[in-house]
Amino acid sequence: MSRPPTLTLPPCARAHRLDTERGAFAVHDARPDGAPIGTALLVPGFTGSKEDFIALLAPLAAAGFRAVAVDGRGQHETPGPRNEQAYEQRELALDVQAQARALHAPGDGPLHLLGHSLGGLVTRAAVLRDPAPFRSLTALSSGPAAIEPVQRTRVRMLIDALGTMGMEQVWAAMQALNPPEAAHEALAPELTAFLRQRWLNTVPEQLIATGRQMLAEPDRVAELARTGLPVHVVSGTVDYAWPVPQMDAMARRLSARRTVVEGAEHSPNAERPEKTAGALAGFWSDVG
């Protein structure tokens, strides 16, 4: 579970709802002082939300990019239906395509797509449906196929719990399922409250359906390579969901840019935001 270092939006950003033909999505939307040189659509991971990208917004805007972080359907402040079919990967990929169309505006530059963790699988699916709206794809702490075996066991346990318990009950059990990166000193009370409320706001069917995707995702790296879209593979030095050597190999197969953020694990966006933002902005500037 990603834990943002702050919940305060920078002055360059505002919270609003992005209207699309597939519904409205809660977003944090940051803009540079002048005309953007590009726009980045930031898609969060499993149990995550747009807040996971808060610390990236100011440095990306300072680098000249509009950055839009989104809650997907059924995540935190974006509502969603109570049926698992609504959260099939195809549906989530179509949402990303709709968000891209809604964000397209003359003068905002090319659109760069980023997915964190589960979001990397969803954004890859969106690109494979139609790469045309996007200038690049960044896979942030996201691998080529299903998550590694130990994490599959954890996710299966969570899916089973969600099928038999309420979200309040599962919240307590979730603390025992937190990945190794979560073992650190006590959190600020407001962050603890936020994490609990985000969990309670999330539609359980969304978690069940997307959890199953992480268990069964096929290797689609060759398909992605055939699109010819520039790809950036970013991770920390350690990752519990996809081993770092696996992401190294994926980058080689894609002829992608590879960035390893020192001092970060599964959430470089929250753990080392300045370094991560610098790597992202450099890649986006280079691909145009």
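Residues are called buried when their relative accessible area is under 20%, exposed when it is over 50% and partly exposed in between, with a 1.4 Å probe and protein chains only. Helices (H or I, at least four residues) and strands (E, at least two) are DSSP runs numbered from the N terminus. The model is predicted, so local features need pLDDT of at least 70 and side-chain atom pairs count only at pLDDT 80 or more, whereas totals for chains, interfaces and linings use all residues. Residue numbers start from 1 along each chain as its sequence is written, and side-chain values use heavy atoms, with hydrogens and water left out.

**View A. The open sheet of 8 strands and helix 1.** Two strands pair if DSSP finds at least two bridges between them. Contact means heavy atoms within 4.5 Å. Axes are lines fitted to C-alpha atoms, for helices over the stretch in contact, and angles run from 0 to 180 degrees between N-to-C directions. The strand order is 1-2-4-3-5-6-7-8, and the pairing is mixed. Strand 1 (13-20) and strand 8 (257-261) each have a single partner strand, so these edge strands are left without a neighbour in the sheet on one side. On average, neighbouring strands of this sheet are turned by 25° against each other, direction ignored. Helix 1 (residues 54-62) packs on the sheet, where it touches strand 1, strand 2 (23-30), strand 3 and strand 4 (65-70). The direction of helix 1 makes about 165° with that of strand 4.

**View B. Surroundings of helix 1.** Of the 9 residues of helix 1, 7 are buried, so the helix is largely enclosed by the rest of the structure. These buried residues are Ile 54, Ala 55, Leu 56, Leu 57, Pro 59, Leu 60 and Ala 61. They pack against strand 1, strand 2, strand 3 and strand 4, and also against helix 10 (268-271) and helix 11. Just after helix 1, Gly 64 takes a positive phi of about 105°.

**View C. Strand 3 and its partners, strand 4 and strand 5.** Because 6 of the 6 residues of strand 3 are buried, this strand is largely enclosed by the rest of the structure. Gly 38, Ala 40 and Leu 42 point one way, and Thr 39, Leu 41 and Val 43 point the other way. Strand 3 runs parallel to strand 4, with 5 bridges between them; here Gly 38 stands opposite Phe 65. Strand 3 (residues 38-43) is also joined by 5 bridges to strand 5 (residues 111-116), again in parallel, and Leu 41 has Leu 113 as its bridge partner in strand 5. Helix 3 (residues 118-129) lies across strand 3, strand 5 and strand 6 (136-140), and runs at about 140° to strand 5.

**View D. The nonpolar cores.** A nonpolar core is a set of buried Ala, Val, Leu, Ile, Met, Phe, Trp, Tyr and Cys residues joined through side-chain atoms within 4.5 Å. The largest core has 62 residues, of which Leu 41, Val 96, Leu 113, Phe 134, Leu 162 and Trp 199 touch the most other members. Helix 3 gives the most to this core, with 7 residues. A second, separate core of 22 residues includes Leu 42, Ala 69, Leu 140 and Leu 280. Leaving out residues up to four places away in sequence, Leu 162 touches Met 167, Val 170, Trp 199, Pro 204, Leu 207 and Ile 208.

**View E. The 2 aromatic pairs.** Rings of Phe, Tyr and Trp (its six-membered ring) pair if their centres lie within 6.5 Å; planes under 30 degrees apart count as stacked, over 60 as edge-to-face and the rest as tilted. A search of the whole structure finds 2 such pairs. Phe 65 and Trp 284 are edge-to-face, at 5.4 Å centre to centre and 65° between the planes. Phe 65 lies in strand 4 and Trp 284 in helix 11 (residues 273-287), so this pair ties together parts that are 219 residues apart in sequence. Both Phe 65 and Trp 284 are buried. The ring centres of Trp 171 and Trp 199 are 6.4 Å apart and the planes stand at 40°, so this pair is tilted. Trp 171 belongs to helix 5 (residues 167-177) and Trp 199 to helix 6 (residues 189-201), so parts 28 residues apart in sequence are tied together. Both Trp 171 and Trp 199 are buried.

**View F. Helix 2 and its burial.** In helix 2, 12 of the 15 residues are buried, and the helix is mostly covered. Among the buried residues are Leu 92, Leu 94, Val 96 and Leu 103, together with polar ones including Gln 89 and Gln 97. The expected span of a helix is 1.5 Å times one less than its number of residues. For helix 2 (residues 89-103) this gives 21 Å, which agrees with the 21 Å between its end C-alpha atoms.
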